[in-house]
Amino acid sequence: LCISLLAHGSHRGSCADRSGDAESSSVPLARPEPRIVGLVPVRNEARRIAFCLRALAMFTDAMVVLDDDSDDGTLAVVNGLREECGIARVIAKEGAWLRNETHDRNLLLEAGRAIG
């Protein structure tokens, strides 16, 4: 089980804005709220995934889970925890299992960027 985190958001101001100078900081800057999106690829993790997602939910704003054609009920467990754990998207691969780590990582990154 491997988990990645994707963080978005940044401060857009000059050095003077951060120095505390009253004149330069009199106009408030719009700051996008940073979001942390957990990217979770899984396959046949039904026994462990609930604990993992609940723990990860304490540190993330949202999650994307990619199920790589599990045959042990992992997808049902993940779907049952969507609301509780803030799972914004579940990607379910179907068909003959073929591990394609690069493709899976790109699917997760694309979905994570769309969320946050």
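This is a short talk on the cores, one crossover, and the charged pairs of a single structure.

Hi everyone, and a few ground rules before we look around. This is a predicted model, where local features need pLDDT of at least 70, side-chain atom pairs count only at pLDDT 80 or more, and totals for chains, interfaces and linings use all residues. Residues are numbered from 1 along each chain as its sequence is written, and side-chain values use heavy atoms, with hydrogens and water left out.

Let's begin on the inside. When I say buried, I mean under 20% relative accessible area; exposed is over 50%, and partly exposed is in between, using a 1.4 Å probe and protein chains only. A nonpolar core is then a set of buried Ala, Val, Leu, Ile, Met, Phe, Trp, Tyr and Cys residues joined through side-chain atoms within 4.5 Å. The largest nonpolar core here has 13 residues, and the members that touch the most others are Val-40, Ile-49, Leu-53, Met-63, Val-65, Val-78 and Ile-87. Two or more residues each come from strand 2 (35-42), helix 2 (49-57), strand 3 (62-68) and strand 4 (87-93). Which element gives the most to this core? That is helix 2, with 4 residues. On the naming, helices (H or I, at least four residues) and strands (E, at least two) are DSSP runs, numbered from the N terminus.

Take Ile-87 as an example. Setting aside residues up to four places away in sequence, Ile-87 touches Leu-53, Met-63, Val-65, Val-78, Leu-81 and Arg-82. Apart from this core lies another one, of 7 residues, including Val-37, Leu-39, Val-64 and Ala-111.

Now to the strands. Strand 2 is largely enclosed by the rest of the structure, because 6 of its 8 residues are buried. Strand 2 pairs with strand 3 in the parallel sense, over 6 bridges; two strands count as paired if DSSP finds at least two bridges between them. One of the bridge partners is easy to find: Leu-39 is matched by Val-64 in strand 3. Between these strands the chain passes through helix 2, making a right-handed β-α-β crossover. Right-handed means that, with the strands pointing away from the viewer, the path from the first strand over the helix to the second runs clockwise.

Next, the loops. Most residues other than glycine have a negative phi. Asn-44 is not a glycine, yet its phi is positive, about 55°. You will find Asn-44 in the loop between strand 2 and helix 2, and at 25% relative accessibility it counts as partly exposed. Asp-69 also has a positive phi without being a glycine, near 60°. Asp-69 sits in the loop between strand 3 and helix 3 (74-80), and is partly exposed at 22% relative accessibility.

Please click on Arg-43, in the loop between strand 2 and helix 2. What does Arg-43 contact, leaving aside its neighbours within four places in sequence? The answer is Asp-68, Asp-69, Ser-70 and Trp-97, where contact means heavy atoms within 4.5 Å. Arg-43 and Asp-68 are 25 residues apart along the chain, but their C-alpha atoms are separated by 5.1 Å. A polar atom of the Arg-43 side chain also lies 3.1 Å from the backbone oxygen of Asp-68.

That brings us to charge. Side chains of opposite charge can pair when their charged atoms come close. We call it a salt bridge when a side-chain nitrogen of Lys or Arg is within 4 Å of a carboxyl oxygen of Asp or Glu. How many salt bridges does a search of the whole structure find? It finds 7.

One of them joins the side chains of Asp-68 and Arg-99, at 3.9 Å from N to O. Asp-68 is in strand 3 and Arg-99 in the loop between strand 4 and helix 5 (101-115), so this pair ties together parts 31 residues apart in sequence. Asp-68 is buried, with a relative accessible area of 4%, whereas Arg-99 is partly exposed at 43%.

Another salt bridge links Lys-93 and Asp-104, with the closest N and O atoms 2.7 Å apart. Lys-93 belongs to strand 4 and Asp-104 to helix 5, so this pair ties together parts 11 residues apart in sequence. Both Lys-93 and Asp-104 are buried.

Within helix 5, Glu-101 forms a salt bridge with Arg-105, at 3.3 Å between the closest N and O atoms. Glu-101 and Arg-105 are 4 residues apart, which means they are separated by about one helical turn. Finally, salt bridges that share partners join Asp-68, Lys-93, Arg-99 and Asp-104 into one network. Thanks for listening!

Terms used: A polar contact is a pair of N or O atoms within 3.5 Å; within protein, one must be able to donate a hydrogen and the other to accept it, and residues adjacent in sequence count only if both atoms are side-chain atoms.
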